[in-house]
Amino acid sequence: MVTESAESVARRGSRILGATGGLGCGLVLGGMLLALYSVTFASAQPENWESYQGTDALNQAHGLARHYAWTAIVLGLVVLAAVAVTAVEVVRSSRWILPTTDWVRAVVVLAMGAGIVVLPVMALSGHLVRRYRDIRGDVPFFASLPTALTASGLVVVGAALMALPVWRSMIPRWRPGVVEALSLRRGLAMAVAAGLAVSGPIAAVAVVAADDTVRFDHTRAAATTVPAVPNRLGEERFRVPLPMVTTSSGSGSPNVVVAGAGFVVASTAGLTAYDGATGAPRWHYLSTYPPVEGATAPWQHDTSTRVGYSPGTLQSVDGGKVVVANWGRVGWNAFDAMTGENLWHHADYTRDIADLDQWTADPTEALSTPGFLIRRNTERMARYDGRTGKRMWSVDLPMKMDPSACYEQRISVAMTDGAIYVLVPCTHGDPSRASVTEIDPATGAVVVTREFEDADTATLTRFENTVVAGWFRRTPSAFVDITLTGPRQLANTTVDDGDRTRIVAADPLGAQQIRPVYRDAHDKDPYAVVAADTGAIRYRLPGFVDPIIPDAQNVMFLRDEIVQMPGSPGSRILTYELPVRSWSREDGHPVTSRTAGTVNYQAFPRALAAPGAVLVFWSFESAGEIVGFGE
């Protein structure tokens, strides 16, 4: 049996001691470098930090990152200084030189203790785990916070490893081993390098942890042929759950738009695209942020997060080829509506938000005809390319009226396939006035601006590609309007009696409209299809119901049939069977009557003609449903 000599054991112990101290030194250096990166080069706030600037979550996140990063840097310097003092004293003498023995020893002990204890105590007393979890659930990921906390961990572990040789150097009978360990310079250098090498992957993981894309479940789909819009109502084809999304007013918002190979549905988590012919999901982009307890925003329910889809922001643009939506505290994202490819996150569109704060005419309106990507304020409007987010044009809105002379200027915008209309009401003074401007969507050129005197409570209503500007005229007292069925009609369109020309629906091609045409004072079935240019009656629609919300787009002109989803019969009926009816476009005789489901009178059902299906949908309280009809 070979007995290992005491000298060999001591030498092996010295090597282990040197390796431990060198490794700890490398970890401390790596932690300090990572902390320095955290306070200098790492992003100090999420990319879309403007959307929640000044909030407690952002202040906590920013302050916490800097606090831990600078603490790690200072403690790292203190620990390295203590180790350096210890090394110098050990090398210079085999004993501590009096009279500095006591205070030097005390300073070294305090320094090493601070390196090991201060950061963990900070974490425990400051409830770091809870605060970090809350911040990560409330704020998108960014680099400075995870790198600062990782750097703190490296400094603590490194200080603990170096504490062993420092402690042994203070005991005379163990000091020779420390002296020998310090003499193994090559081994020490290799140990320090190993510590730095270990720090590298750990730092990389911390940087990767700042990638917020990992918090989104994103699938894509292959391109396919866009199915045709049905020619008639047909039979029920599918049912799709419609998640509840609540606006700031608390009412249900049917975040559904026609796009891609069918339609896209928004939930609090994000977007899901469906095939219009089958109702099958195609792609989705959903936030996986954890639920936040005690959420206070109106759209935050039991399973919601503070980082999720912003209700009412889903838009279908560029002929339905692109969808754009905003995520609270994350920012805007644009997707190829067919494949789900993420097209852009930062672009001219997002950079112009500070100046052009309004992005559409009505953020809760689900457009059956995809619109244009627009931003505006009361003085300027800009259009952007949906696929790139780049600004296509910007135009100053021609204000013939002095804004200072108006009590209130609530600009309204209506978009059709061939024109953008801007209504500027001026309700101050006598008489009131209003101006309507037509803008060419391709170039941004102002086609014409027309001002109307004695125009009180002016409104702008869109029916597919037909736009009606209406107002109350005091002298003589009447409601009047102008009807625009196509581009470049504003300059010469005559002002009509609004009661006589009231439109409740219009053909997207602009050739036909549905209006009430009373045969006598007691006519209870007055609705007829008329020619848009002459007002001549084509045929009547027996059983057609007066829409409660005229511009709610619950009437669809298909190739062979006109389809109507009448909506709520009134607040006195809590629930009712939602009917869907159709009439022939040849002579107006009723063709089909279906029932979409049982809905609450507050559900505000909507209907859209999409590729592959006629969609009827509603949302109330916890959930809703989309019903697809087709041939």
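Buried means under 20% relative accessible area, exposed means over 50%, and partly exposed lies in between, using a 1.4 Å probe and protein chains only. The views below come from a predicted model, in which local features need pLDDT of at least 70 and side-chain atom pairs count only at pLDDT 80 or more, while totals for chains, interfaces and linings use all residues. Residues are numbered from 1 along each chain as its sequence is written, and side-chain values use heavy atoms, with hydrogens and water left out.

**View 1. D507 sits in a loop between two strands.**
Let us start with a single loop residue. Its flanking strands are β22 (505-506) and β23 (512-516); helices (H or I, at least four residues) and strands (E, at least two) are DSSP runs, numbered from the N terminus. Is D507 buried or exposed? D507 has 6% relative accessibility, so D507 counts as buried. Setting aside neighbours within four places in sequence, D507 is in contact (heavy atoms within 4.5 Å) with Q512, F557 and R585.

**View 2. W327 takes part in two edge-to-face ring pairs.**
A pair of aromatic rings is described by the distance of the centres and the angle of the planes. Here, rings of Phe, Tyr and Trp (its six-membered ring) pair if their centres lie within 6.5 Å; planes under 30 degrees apart count as stacked, over 60 as edge-to-face and the rest as tilted. The whole structure holds 16 aromatic pairs. In one of them, the ring centres of F216 and W327 are 6.5 Å apart and the planes stand at 85 degrees, so this pair is edge-to-face. F216 belongs to strand β1 (residues 216-218) and W327 to strand β8 (residues 322-327), so the pair ties together parts that are 111 residues apart in sequence. Both F216 and W327 are buried. The rings of Y285 and W327 are also edge-to-face, because their centres are 5.2 Å apart and their planes are at 85 degrees. That pair links distant parts of the chain too, with Y285 in strand β6 (residues 281-287) and W327 in strand β8, 42 residues apart. W327 has a relative accessible area of 0%, and Y285, at 7% relative accessibility, likewise counts as buried. Which residues form one aromatic cluster? The members are F216, W283, Y285, Y309, W327 and F335.

**View 3. A charge meets a ring at R375 and Y349.**
The charged end of R375 sits over the ring of Y349, 4.9 Å from the ring centre. The criterion is that NZ of Lys or CZ of Arg is within 6 Å of the ring centre and within 35 degrees of the ring normal.

**View 4. Four strands make an open antiparallel sheet.**
The strand order is β18-β19-β20-β21, where two strands pair if DSSP finds at least two bridges between them. At the edges are β18 (456-463) and β21 (496-497), each pairing on one side only. Strand β19 (residues 466-473) is joined to β20 by 7 antiparallel bridges, and V467 stands opposite L484 in β20. These two strands, β19 and β20, form a hairpin with 4 residues between them. In that loop lies R474, which is partly exposed, with a relative accessible area of 43%. The C-alpha atoms of R474 and D456 are separated by 7.8 Å, although the residues are 18 residues apart along the chain. On the other side of the hairpin partner, 2 bridges join β20 (residues 478-484) to β21 in antiparallel fashion, and V480 has D497 of β21 as its bridge partner. Because 5 of the 7 residues of β20 are buried, this strand is largely enclosed by the rest of the structure.

**View 5. Helices supply the largest nonpolar core.**A nonpolar core is a set of buried Ala, Val, Leu, Ile, Met, Phe, Trp, Tyr and Cys residues joined through side-chain atoms within 4.5 Å. Of the 24 residues in this core, A35, L64, Y68, L119 and L145 touch the most other members. The elements giving two or more residues are α1 (6-40), α2 (56-92), α3 (101-125), α4 (128-138) and α5 (144-169). Not counting residues up to four places away in sequence, A35 touches A69, A72, I73 and A151.
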